[in-house]
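Here's a walk through the model on screen, starting with one helix and working outwards. Have the viewer open as you read.

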2 protein chains.
Amino acid sequence: MDAEILCVGTEILLGNIQNTNARFLSEQLSLIGVNVFRHTAVGDNPARLKSALGEALSRADLVITTGGLGPTCDDLTKEIVADLFGAPLKLHAPTLMSIAETFRQLGRELTENNKKQAYFPEGAHILQNRYGTAPGFALSKDGKTVLLLPGPPREMEPMFMEEAAPYLSRFSDGVIRSHDLHLFGIGESAAEAMLRDLMQSANPSLAPYAKTGEVLLRATAKAENSEKAESLLRPLVDEVRRRVGRLCYGVDCGSLECRVLELLLDRGMRVALAESCTGGLTAKRLTDLPGASRALECAAVTYSNDSKTRLLGVPKSVIDRYGAVSRQVACLMARGARRIGKAHLGVGITGIAGPDGGTPGKPVGLVHIALCDGRLTWHKELRLASPGRDRAYIRHISASHALDMLRRYLEKSEPV
Amino acid sequence: MDAEILCVGTEILLGNIQNTNARFLSEQLSLIGVNVFRHTAVGDNPARLKSALGEALSRADLVITTGGLGPTCDDLTKEIVADLFGAPLKLHAPTLMSIAETFRQLGRELTENNKKQAYFPEGAHILQNRYGTAPGFALSKDGKTVLLLPGPPREMEPMFMEEAAPYLSRFSDGVIRSHDLHLFGIGESAAEAMLRDLMQSANPSLAPYAKTGEVLLRATAKAENSEKAESLLRPLVDEVRRRVGRLCYGVDCGSLECRVLELLLDRGMRVALAESCTGGLTAKRLTDLPGASRALECAAVTYSNDSKTRLLGVPKSVIDRYGAVSRQVACLMARGARRIGKAHLGVGITGIAGPDGGTPGKPVGLVHIALCDGRLTWHKELRLASPGRDRAYIRHISASHALDMLRRYLEKSEPV
């Protein structure tokens, strides 16, 4: 089944709001096996809306619209659909009663405009709105289906999940299941080279998605029920894991920081961080997650050289001799963090995030990371500069490398 | 001038990425007086791309595309435009040299695919790409203009601002100028109530935009030249500032952290942070900005009670008596941070970000913030919980309040 998404609202064309509805619907439709071939957004203008809707229906089996279902005279999607489908608007008494009840509870008077929301084209399948007054509906004719949803995401998203997706499943001949394999430490093209033959397959399929500094591989299968879909997926996921080995930090695990927190809690270990160029970003990413307090002891953002000495006990002589961005300082930062935090593990990060501060010997993008467990200290040197990689990118990837060292250590006591 | 925006990329239709380009361009085009009548997104499919582009050009004077300019065989926007405009692709030697130079610096070999990026339709006006290898271009014929931009926002956005917007201004009959007034510490409806009469005006206009926990007021004027636009704006901006007073932390200043960094550098003062519930977010926001190293001495992310004592010297007895989330601990954290950082100013933040950890006496959303300058210590208690405000929101707003205390102190030595 081929679909298009048509979003209605002048505020989208003015750039006042981000059109998150198109993405949400695309993502959900791909999960139920509906292919989306086009997104369109038009303003609250009857002539332009009508022609966009007519064009979409001429190309696709299914057109899903969002917006233009409200009570005001700007809200015209329903009238235009009724017209295009030759289906006159009829009052739907249960909807009118439910709208009247809402207004009674709010102590507001029901106007003629609000009553408009209880009219639907003849033959429409009505979709309840639990979070607002405008119901949606589906209408089919001559093999074409149109599905009208409200514009506000907090109304549209639950209506789609609870009402529209089950309705659409009747057009689908099975279910779609997918698993995400998260890889860190390999680029998208290198991952493709390792897995090219697996990516040729159509069902189950394997597709790479770029995430900042990571590769997300999505394995997807379509089958008549979820057990069969899962049994198609299992060998593919296993084979990918076998090939990529430790580059895969998890399946369906959300993020590197989620995986690290899970491992820390699992091992009952606590970590202390010492961050220079990442300036608190690593701590921020870990503490984005509820429960981080049981695994992150503390972090010292030692941005100045003095503070590296004062807070972490890195000798001034070492900084003077090797520079603040050096293997030696990273290792002493990791040990200092572990000591001041009385933690099981210490991590140190020092580098040059740019755009300024680089020298020929120590260019922007040079980052040293160290991890120590009180027995050994491991070290990693990164050179992250390249066109299009800005300060934000260098900081993000540096924090990711630090988290990945922790992940590898926690998995096998061997971080690099 | 009427425009449409056409975004190219299968990842948009699959819902893998949010199409932020359409919104960015709509917002920017409205500022230079270009009306946008439609957004379209299609996949990397030559036939569907060609028909979408042809349709857009039949309706609009200007079509701006994003995506499909890369080196792979999927990237076809340029070829299709050349075909539709009957303008054969020609090699542009300076672009080839610049691409070759980039590859030389990276130590990578230049492939035939990469050379493809140096070809442009005859008569094209080339737009430089400072953040990637794919240049954009503009091409006009018979009163229709097409403008091709790359897909990645970090390449597209600067190319639009630096190269495309000045190019498009030749088609406009006037200039649009705007100033952003940044408010912190007031909600959108309260701001509207203070400024309602000013928001009635059409030229200059004043419109509010919500930002997480802040209000952005944009004053916009259209005139025949920028001097006249500015002279329309000046009285409006002055009047808004007069009414909102210290709630306005800056005009066109980017963000609260930008303003704080600017003030710190201006005063030659350094700050040290002690963060608990914000977990490094305040330090992260300040160090997002180049130059932060001259103003941020250090930050201690003291997530555990022990680390508050060990790193910051907050007596265990105070934590036991008042709890880690208390005025007393926030003030001692601020003083401890200032002391260990040997900084001019110390800031302490402690609170309950949730979703767990709240009690009836100390609910989720309770946050204490303190600022000390070695002479006095100021304190602020926040109650941030309300429906729809999650952990991320509470953390962000807590960090914003800490930054705003710094801002107010640095402006007038009086932070609350």
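## One helix, then the rest

Start with helix α3 of chain A, residues 46-59: its 14 residues reach 20 Å from first C-alpha to last, close to the 20 Å expected at 1.5 Å a residue. Keep in mind that this is a predicted model.

Which residues of α3(A) are buried? They are A:Leu49, A:Ala52, A:Leu53, A:Ala56 and A:Leu57. Because these residues cover an arc of only 130 degrees around the axis, they sit on the same side of α3(A). The general rule behind such patterns is that an α-helix has 3.6 residues a turn, so residues three or four places apart point the same way. On the face turned away from the buried side you'll find the exposed residues A:Ala47, A:Gly54 and A:Ser58.

What do the buried residues of α3(A) pack against? In chain A, their partners are the strands β1 (2-8), β2 (35-42), β3 (62-66) and β8 (144-149), along with helix α4 (77-84).

## The chain as a whole

Zooming out, chain A has 15 helices and 17 strands. Its radius of gyration is 28 Å, whereas a compact globule of 416 residues would come in near 22 Å. Along the principal axes, the C-alpha atoms of chain A fill a box of roughly 85 × 50 × 40 Å. Of its 416 residues, 46% count as buried. Take the contacts in chain A with a separation of 6 or more: 65% of them are between residues 24 or more positions apart.

## Cores and the interface

The largest nonpolar core has 145 residues, and the members touching the most others are A:Ala300, A:Val347, A:Leu406, B:Ala300, B:Val347 and B:Leu406. Leaving aside residues up to four places away in sequence, B:Ala300 touches A:Cys298 and A:Ala300 from chain A, plus B:Ala274, B:Leu311, B:Leu312, B:Ala337 and B:Ile340 from chain B. Apart from that core lies another, of 84 residues, including A:Leu29, A:Ala56, A:Leu127 and A:Leu149. A:Ala56 is also one of the buried residues of α3(A).

How many residues of chain A are in contact with chain B? There are 57 of them, and they meet 58 residues of chain B. The elements giving two or more residues to chain A's side are α1 (10-13), α2 (20-31), β2, α11 (281-287), β14 (296-302), α12 (305-312), α14 (327-341) and α15 (391-412). By class, that side has 25 nonpolar, 19 polar and 13 charged residues. Strand β2 has turned up before, as one of the elements packed against by the buried residues of α3(A).

## Backbone oddities

Most residues other than glycine have a negative phi, and most peptide bonds are trans. Here are some places to check against that:

| Site | Backbone feature | Loop |
|---|---|---|
| A:Gly354 to A:Pro355 | cis, omega near 0 degrees | A:Pro355: between β15 (345-351) and β16 (366-372) of chain A |
| B:Asn203 to B:Pro204 | cis, omega about 5 degrees | B:Pro204: between α8 (188-199) and β10 (205-211) of chain B |
| A:Asp252 | phi near 55 degrees | between β12 (248-251) and α10 (256-267) of chain A |
| B:Lys342 | phi near 45 degrees | between α14 (327-341) and β15 (345-351) of chain B |

Are the positive-phi residues buried or exposed? A:Asp252 counts as exposed because it has 10 C-beta neighbours inside 10 Å. B:Lys342 has 14 inside 10 Å, so it counts as partly exposed.

Note on methods. Residues are numbered from 1 along each chain as its sequence is written. Chains are lettered from A and ligands numbered from 1 in the order in which they are written. This is a predicted model: local features need pLDDT of at least 70, side-chain atom pairs count only at pLDDT 80 or more; totals for chains, interfaces and linings use all residues. Helices (H or I, at least four residues) and strands (E, at least two) are DSSP runs, numbered from the N terminus. The expected span of a helix is 1.5 Å times one less than its number of residues. A residue is buried if 20 or more other C-beta atoms lie within 10 Å of its own, exposed if 12 or fewer, and partly exposed in between; C-beta atoms are placed from the backbone. The arc is that of the directions from the helix axis to the C-beta atoms. Two residues are in contact if their C-beta atoms, placed from the backbone, lie within 7 Å. The radius of gyration is taken over C-alpha atoms; the globule rule is 2.2 Å times the number of residues to the power 0.38. A nonpolar core is a set of buried Ala, Val, Leu, Ile, Met, Phe, Trp, Tyr and Cys residues joined through C-beta atoms within 7 Å. Ala, Val, Leu, Ile, Met, Phe, Trp, Tyr, Cys and Pro count as nonpolar, Asp, Glu, Lys and Arg as charged, and the others, Gly among them, as polar.
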